[in-house]
Structures are given as structure tokens and as C-alpha cells.
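Open the model in your viewer and keep the sequence panel beside it. We will go from stop to stop, selecting a few residues each time.

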Amino acid sequence: LGFIVYFSNLGNASSVSYSLTYNTSTQPEGAIGSLNLGGPSTASQELLFGTCSKNVCRYHTGVNNARLEVSYTTKAGKKYLKKYKIKV
């Protein structure tokens, strides 16, 4: 279980990072990361509700209250934070 986030208009960004938080039936979970800028002006990132190690993924159950926060800084130095609720 997961989803893909598509980022666009990255040509004006100096940095982009994201944070996914959610609850499972037993505990809070999450993932953080950032985009490697300097290439194309678009990017995508797959975010999973689970963990992967050595090409083996274990998906969490009872996922609820999922939220994605994306923060970015423009080349002019302005900082922005966007918050999204993810319906699972």
C-alpha cells in the first residue's frame, strides 16, 4: 500500500523535502526524504505505508490519519510549507 507523489515546476526551487506521517493499528509511523534537484523540472517519489529492507517490503496495516508535508525553498530564498491529508 502506498502512493506516488508528483512534483513539478522544480526549476525555481533550491530545495524540496517531504514528511509522511500516519498511524497504524499499533503505533505512529512515517518517512522523510528530499529531492535531488538540478535535473528536470519534474520528479516523482513513491511513498509506502511500510518498510523495505534488502528488497523485501513489509506493509503496515490499519493505516489512518495519514498526512504529507512538503517544504520547499525557492532560489530567491522564500520558504513554503504545504500540508495534505491523505485518504487511505
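Start by selecting Thr 74, which lies in strand β7; strands here are DSSP runs of E of at least two residues, helices are runs of H or I of at least four, and both are numbered from the N terminus. Thr 74 is buried, with a relative accessible area of 11%. Buried means under 20% relative accessible area, exposed means over 50%, and partly exposed is in between, using a 1.4 Å probe and protein chains only. Now show what surrounds Thr 74: leaving aside neighbours within four places in sequence, it is in contact (heavy atoms within 4.5 Å) with Asn 12, Ala 13, Ser 14 and Tyr 80.

A word on the model before moving on. It is predicted, so local features need pLDDT of at least 70 and side-chain atom pairs count only at pLDDT 80 or more, while totals for chains, interfaces and linings use all residues. Residues are numbered from 1 along each chain as its sequence is written, and side-chain values use heavy atoms, with hydrogens and water left out.

**Zoom out to the whole chain**

Switch to a cartoon view and you should find eight strands and zero helices. The C-alpha trace spans about 45 × 25 × 15 Å along its principal axes. Of the 88 residues, 24% count as buried. Among contacts between residues at least 6 apart in sequence, 60% join residues at least 24 apart.

**Select the core**

Which residues have the most contacts inside the largest nonpolar core? Pick Phe 3, Phe 7, Val 16, Leu 20, Leu 47, Phe 49 and Leu 68, out of 16 residues in that core. A nonpolar core is a set of buried Ala, Val, Leu, Ile, Met, Phe, Trp, Tyr and Cys residues joined through side-chain atoms within 4.5 Å. Colour β1 (2–7), β2 (13–23) and β7 (64–74), the elements that give two or more residues to this core. The largest share, five residues, comes from β2.

**Follow the aromatic rings**

Searching the whole structure gives three aromatic pairs. Rings of Phe, Tyr and Trp (its six-membered ring) pair if their centres lie within 6.5 Å; planes under 30 degrees apart count as stacked, over 60 as edge-to-face and the rest as tilted. Select Tyr 22 and Phe 49: the ring centres are 4.9 Å apart and the planes are at 85 degrees, so this pair is edge-to-face. Tyr 22 is in strand β2, while Phe 49 sits in the loop between β4 (43–48) and β5 (50–53), 27 residues apart. Both residues are buried. Add Phe 3 to the selection and you have one aromatic cluster with Tyr 22 and Phe 49.

Next, select Tyr 72 and Tyr 80, a stacked pair with 5.1 Å from centre to centre and 20 degrees between the planes. Tyr 72 is partly exposed at 25% relative accessible area, and so is Tyr 80 at 36%.

**Finish at the disulfide**

How many disulfides are there? The count comes to one, taking a disulfide as a pair of cysteine sulfur atoms within 2.5 Å. Show Cys 52 and Cys 57 as sticks: their sulfur atoms are 2.0 Å apart. The link is right-handed, with 105 degrees about the S-S bond. Cys 52 counts as partly exposed because its relative accessibility is 43%, and Cys 57 counts as partly exposed at 33%.
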